[in-house]
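Q: Please take a close look at one part of this structure and describe it in connected prose. I would like the account to begin at a surface patch and to go on from there to the surroundings.

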Amino acid sequence: MAIHIERRTDDVRVVIIDRPERRNAIDAEHVHALRDAVTGAPDTTRALVLRGARGHFCAGADISGIEGPEFAVLLRSLLHALRDAPFPCIAGVDGVALGAGTQLAVACDLRTTTEDAMYGIPAAKLGLVVDLWTVQRLVALAGQGVARSMLLAADTLTGAEAHRLGLAQRLCEPGQAVSWATDIAEKAPLTIRAHKLMLNALDAPVPADAEVSEAFDRAWRSDDLVEGRTAFAERRSPVFRGL
């Protein structure tokens with residue numbers, strides 16, 4: 001399995017995506033494994049680090065393994081597991097963090113990044129749509145302007161830009177994320193858990209919007225999505241028709 005778990009100490013859990021042939025892109029099987037790694041953490045866990053192996057965090061969803069909106073629903077369960085974990089989750093980002101990679105990073109409580117890391121949500125290049133919670137979280141962490149450029153224009157950010165904007169808190173190699181987690185684990189766990197609950201309580205509920213749901217469903221069942229996936233597999237530029 002391409003998901004590895006290391007325990008550096010009794011209270012620090014390190015979860016590693018190790019699929020270098022796909023730049024650590026994930027499919028449904030990996031999402032299940034990652035979610036289990038988070039929700040199955042022992043009670044002694046005081047901090048968790050999520051990182052990628054061999055120079056990349058996560059290149060997003062494995063397009064060849066996405067058949068429909070069910071993947072987005074499954075991925076959302078992993079994002080919420082990171083958000084709701086009773087301990088801080090830290091993303092140690094280097095290389096690419098695209099699509100689902102950026103989603104994983106923003107679902108974590110804290111982020112470290114290398115200067116040359118790349119963040120982005122290239123859904124508009126593929127015909128995909130991310131879930132509304134991801135949009136809300138990205139706006140909360142990076143601001144409306146950055147979120148709009150990433151979602152509407154498929155623009156990317158470097159790690160240095162993410163750090164300058166406050167999207168990433170520390171500029172360092174992924175290994176330093178483990179050091180940060182170890183430091184956090186030495187602090188009062190009940191205090192940290194209470195503060196995380198309070199921070200999460202400030203998040204506005206995701207609205208139930210019929211028009212948003214229809215737009216989401218329409219994109220996921222569209223010819224454009226078929227074209228985006230086909231063009232990606234054929235290594236050519238897609239021709240989208242809005243159908």
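**From a surface patch to the interior**

A: Val212 has its place in helix H9, which spans residues 210–220. The model is a predicted one, and the values below are to be read accordingly. With a relative accessible area of 36%, Val212 is partly exposed. Together with Leu132 and Val206, Val212 makes up a nonpolar patch on the surface, and the three residues jointly offer about 190 Å² of accessible area.

The region preceding helix H9 also holds a charged contact. Asp203 and Arg137 are joined by a salt bridge in which the closest N and O atoms are 3.6 Å apart. This pair connects distant parts of the chain, since Asp203 belongs to the loop between helix H8 (189–201) and H9 while Arg137 belongs to helix H4 (residues 132–142), at a separation of 66 residues. The two partners also differ in their cover: Asp203 is partly exposed at a relative accessible area of 31%, whereas Arg137 is buried at 10%.

Asp183 and Lys187 supply another salt bridge, with their side chains meeting at 2.8 Å from N to O. Both partners fall in the intermediate class, because the relative accessible area is 34% for Asp183 and 41% for Lys187. Elsewhere, salt bridges with shared partners join Arg19, Glu21, Arg22 and Asp62 into one network. Within that group, the side chains of Arg19 and Glu21 form a salt bridge of 3.8 Å, N to O. Arg19 is buried, with 13% relative accessible area, and Glu21 is exposed, with 60% relative accessibility. The count of salt bridges comes to eleven.

Next comes the backbone. Asn24 is not a glycine, yet has a positive phi of about 65°. Asn24 is found in the loop between strand S2 (12–17) and helix H1 (28–39). Its relative accessible area is 0%, so Asn24 is buried. A comparable description applies to Ala154, a residue other than glycine whose phi is positive and near 60°. Ala154 lies in the loop that runs between helix H5 (144–152) and strand S8 (156–158). At 9% relative accessibility, Ala154 likewise counts as buried, because the limit for that class is under 20%.

The account closes with a pair of packed helices. Two such helices are described by the angle between their axes and by the distance between the axes. For helix H2 (residues 70–84) and helix H3 (residues 100–107), the axes come within 8 Å and cross at roughly 25°. An angle under 35 degrees counts as roughly parallel, and H2 and H3 are therefore roughly parallel to each other. On the H2 side the contact is made by Leu75, Leu78, Leu79, Leu82 and Arg83, which meet Ala100, Gln103, Leu104 and Ala107 of H3. Residues three or four places apart point the same way, because an α-helix has 3.6 residues a turn. The H3 residues that meet H2 include Ala100, Gln103 and Ala107. The burial of H3 extends to its whole length, because eight of its eight residues are buried, so that H3 is largely enclosed by the rest of the structure. Besides Ala100, Gln103, Leu104 and Ala107, the buried residues of H3 are Gly101, Thr102, Ala105 and Val106.

Technical notes. Residues are numbered from 1 along each chain as its sequence is written. This is a predicted model: local features need pLDDT of at least 70, side-chain atom pairs count only at pLDDT 80 or more; totals for chains, interfaces and linings use all residues. Side-chain values use heavy atoms; hydrogens and water are left out. Patches are made of residues with over 30% relative accessible area and no salt bridge: like charges are joined within 9 Å, nonpolar side chains (Val, Leu, Ile, Met, Phe, Trp, Tyr) within 5 Å. Accessible areas come from the Shrake-Rupley method with a 1.4 Å probe; for residues, only the protein chains shown count as cover. A salt bridge is a side-chain nitrogen of Lys or Arg within 4 Å of a carboxyl oxygen of Asp or Glu. Helices (H or I, at least four residues) and strands (E, at least two) are DSSP runs, numbered from the N terminus. Buried means under 20% relative accessible area, exposed over 50%, partly exposed in between (1.4 Å probe, protein chains only). Axes are lines fitted to C-alpha atoms, for helices over the stretch in contact, and angles run from 0 to 180 degrees between N-to-C directions. Angles under 35 degrees count as roughly parallel, over 145 as roughly antiparallel, 65 to 115 as roughly perpendicular and the rest as oblique. Contact means heavy atoms within 4.5 Å.
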